[in-house]
Amino acid sequence: MRMDAARFPSTSDLLQTSTTSFVRSRAGSGLFRCFYGKLCPQSHSLEYTNAGHNPPLVIRAGTDPSPLDKGGPVLGVLPDSHYESAKISLRQGDVLVLYTDGAVEAENPAGEQYSAQRLSRTSAWHLQQNASELIETIYTSVIEFRQTTSLADDLTLVLLKKL
């Protein structure tokens, strides 16, 4: 996908071509969840396509977090899957939170999941923090919620903050 990215004008075009190649080459097993975004520093925008990945969140001061969920199915389901792309503008102070399911599916002793809502709320409450501080805040929140430092799944966070 990385080698082909420059050949395709939109994120959805790349994923449509990639899923066709992936289905034909995988010998009948496996799926691939993917969020693909192209950040444009000149226009302060992000074009993206989500292929079955947990939807990243755009968090803006004074508004509810917005999930980036435009896209299509996981890669590898059908060779001719259709994908949509979307484009968002990023304003000063906006935070983009990308995360794996290990963050939102982390369970506490009562069996409750941390959830995308809790992740949204935690991120929005600490929007004034810089990206590395916010990552630490979210990680600490998940660990405190679980009431243990061990995790049942990976917990990966990537944050972008528009300065």
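**Exercise 1. Which residues gather in a patch of negative charge on the surface?** Find them, then place Asp154 in the fold and classify its exposure.

*Solution.* A word before starting: this is a predicted model.

- Step 1. The patch of negative charge brings together Glu105, Glu107, Asp153 and Asp154 on the surface.
- Step 2. Look now at Asp154, which sits in the loop that runs between α4 (131–146) and β8 (157–161).
- Step 3. Partly exposed covers the range between under 20% and over 50% relative accessible area. Asp154 has 38% relative accessibility, so Asp154 counts as partly exposed.

**Exercise 2. How many salt bridges does the structure hold?** Take each pair in turn and work out how covered its partners are.

*Solution.*

- Step 1. The count is two salt bridges.
- Step 2. Begin with Arg7 and Asp4, whose side chains meet at 3.3 Å, N to O. The cut-off for such a pair is within 4 Å.
- Step 3. Check the exposure of both partners. Arg7 is exposed, because its relative accessibility is 59%. Asp4, at 29%, is partly exposed.
- Step 4. Move on to Asp94 and Arg60, where the side chains form a salt bridge at 2.7 Å, N to O. This pair links distant parts of the chain, 34 residues apart: Asp94 belongs to the loop between β6 and β7, and Arg60 to the loop between β3 (57–59) and β4 (66–67).
- Step 5. Apply the cut-off for buried, under 20% relative accessible area. Asp94 has a relative accessible area of 4%, so Asp94 is buried. Arg60 is buried too, with 18%.
- Step 6. Finally, view the Asp94 and Arg60 pair as a polar contact, for which the limit is within 3.5 Å. The two side chains also make a polar contact, at 2.7 Å.

**Exercise 3. Which residues make a nonpolar surface patch of about 280 Å²?** Once you have them, say where Leu31 is placed and whether it is buried or exposed.

*Solution.*

- Step 1. The nonpolar patch is made by Leu31, Val77 and Leu78, and its area is about 280 Å².
- Step 2. Trace the chain to Leu31: you will find this residue in the loop between α1 (11–25) and β1 (34–40).
- Step 3. Exposed means over 50% relative accessible area. With 53% relative accessibility, Leu31 therefore counts as exposed.

Terms used
Residues numbered from 1 in each chain as written. Predicted model: local features only at pLDDT ≥ 70, side-chain atom pairs only at ≥ 80, totals over all residues. Heavy atoms only, no water. Patch = residues over 30% accessible without salt bridge, like charges linked within 9 Å, V, L, I, M, F, W, Y side chains within 5 Å. Areas by Shrake-Rupley, 256 points an atom, 1.4 Å probe, with all protein chains shown as cover. Lys, Arg positive; Asp, Glu negative; His and termini not counted. Charge placed at Lys NZ, Arg CZ, Asp CG, Glu CD. Helix = DSSP H or I, 4+ residues; strand = E, 2+ residues; numbered from the N terminus. Buried < 20%, exposed > 50% of the residue type's maximum accessible area, 1.4 Å probe, protein only. Polar contact = N/O pair within 3.5 Å; in protein donor to acceptor, adjacent residues only side chain to side chain.
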